[in-house]
Amino acid sequence: DFSVCLLVQDAYGMFSELHLQAAELSVDHIDVYSKRWEGKTCCLTGMKILQRTTKGRAPGLFSLIDSLWPPLVPIKVHGQSQDQQVQNNLPVPSFCYVLAVHAEEIEDDEAEETPDLYLPPAVYTLRDIHQIVGPSQRCSFCGTVIYIRPEISANPAPQQEMWIFVTDSTLQEGSSAAPRTLSVCISPSCLLDNRVHQALCNKSPCALLFKDAIRENGRVICVERTVLSVQKPLLSSASGVKQVSDPVQLDDLDCAAQANSLCAVQGIITGVNEKTAYSWPVCNECGSNKLQRSDEKREAYLCSQCCQYTSNPDIRMQLEVFLRCDSMPGCTVRIKLQQETISLLLRLSPSVDGCYEVSNVLGMKVGPLNCYVQSASSQLGRYVELKEISLWKAN
Ligand SMILES: [Zn+2]
């Protein structure tokens, strides 16, 4: 369930939100509606008032209105002629109407006597998002997606909260104090069209334009009235932004780490979480874990995926370790490792007769590893929970 809305402003500066009514509305046609009407002066007829609303009742709508105030050109004031107008310090309208209008009743205004109030989105660099844009402010920006949480499948499922991690050349190449990435929370109320959804399924870096997202302490959230679109080519219209080059750099883990952010970590393994450590065999032909002990052949497994017998299955392992990090003295860092890192550690650790003991990894050095911060607490001894990840790479 969704609605397609247009924000309109009249010559007096009053805003209204139009809920578009048409026989077939599609989320996938947002760009079509946008090209058709955005920035155009139109004549509207046959509107139905759904609601008169205020900032207190519709903070999301008014954060958008605030971002468009003051108007670019002088607005008309009731009871005043054009030259009497005092345009300074005009208050932001305190209310607005929510209207329903049929798409066929929006007509281009050929006369165009109304002033052009359209304010195109100011596209910020990601460094500006970190350093200039204030809290609760609507903002637009381009970024290259390098990772998302959770993973999504090609079949659109009911949308859940999702985190998109983006970067751009101003964060990667700058030596500023700004973080190297920006965490963007996509709330379920922000609709993703099919093109964006497919781009995120590919797990390959893609450039997205985030229009009218909201800045919130250290991160950005996308809610209703935020529009995401795929940008091609991989360039932003913001000046000074170049294509991000591989490999993407993450910030080193430090005491300021927040949940739902990315970081790089290195340290010495001081403990193994025995409770969560386990291993299982997978087929060395196809990688499937659907192996069954064979009845006919001793010491062999039958893979129910590729129907091959194997006596040397690959071993997969889940392993969580505790790290001592120089960058985080006195802090407990727990990290869930990826298979490749586990295999490397076990290969390098001392083994007896080819048997690996997880306790042999104690004292070994790991990193730098790219990680997703699952949780971070600063109460009663700092504790950070990480998950090793692979950043998206260009194919
Ligand atoms: Zn197999």
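Biologist: Is C185 buried or exposed in this model?
Modeller: The model is predicted, and the burial class follows from relative accessible area, with under 20% counting as buried. C185 has a relative accessibility of 6%. That value is under the cut-off, so C185 is buried.

Biologist: How many disulfides does a search of the whole structure find?
Modeller: A disulfide requires two cysteine sulfur atoms within 2.5 Å. For C42, the nearest cysteine sulfur is that of C43, 8.6 Å away. For C185, the nearest is that of C222, at 7.9 Å. Neither C42 nor C185 is in a disulfide, and the count for the whole structure is 0.

Biologist: Which accessibility class does C42 fall in?
Modeller: Partly exposed covers the range between 20% and 50% relative accessible area. C42 has a value of 23%, so C42 is partly exposed.

Biologist: What is the radius of gyration of the protein chain?
Modeller: The chain holds 6 helices and 23 strands. For 395 residues the globule rule gives 21 Å, and the chain lies well over that, so it is more spread out than a compact globule. Its C-alpha trace spans about 95 × 50 × 35 Å along the principal axes. The radius of gyration is 27 Å.

Biologist: What share of the contacts with a separation of 6 or more joins residues 24 or more positions apart?
Modeller: Buried residues make up 41% of the 395 in the chain. Among contacts with a separation of 6 or more, the share from residues 24 or more positions apart is 67%.

Biologist: How far apart do the centres of the positive and negative side chains lie?
Modeller: The two sets hold 34 positive and 44 negative side chains. Their centres are separated by 6 Å.

Conventions: Residues are numbered from 1 along each chain as its sequence is written. This is a predicted model: local features need pLDDT of at least 70, side-chain atom pairs count only at pLDDT 80 or more; totals for chains, interfaces and linings use all residues. Side-chain values use heavy atoms; hydrogens and water are left out. Buried means under 20% relative accessible area, exposed over 50%, partly exposed in between (1.4 Å probe, protein chains only). Helices (H or I, at least four residues) and strands (E, at least two) are DSSP runs, numbered from the N terminus. The radius of gyration is taken over C-alpha atoms; the globule rule is 2.2 Å times the number of residues to the power 0.38. Contact means heavy atoms within 4.5 Å. Lys and Arg count as positive and Asp and Glu as negative; His and the chain ends are not counted. The place of a charge is taken as NZ of Lys, CZ of Arg, CG of Asp or CD of Glu.
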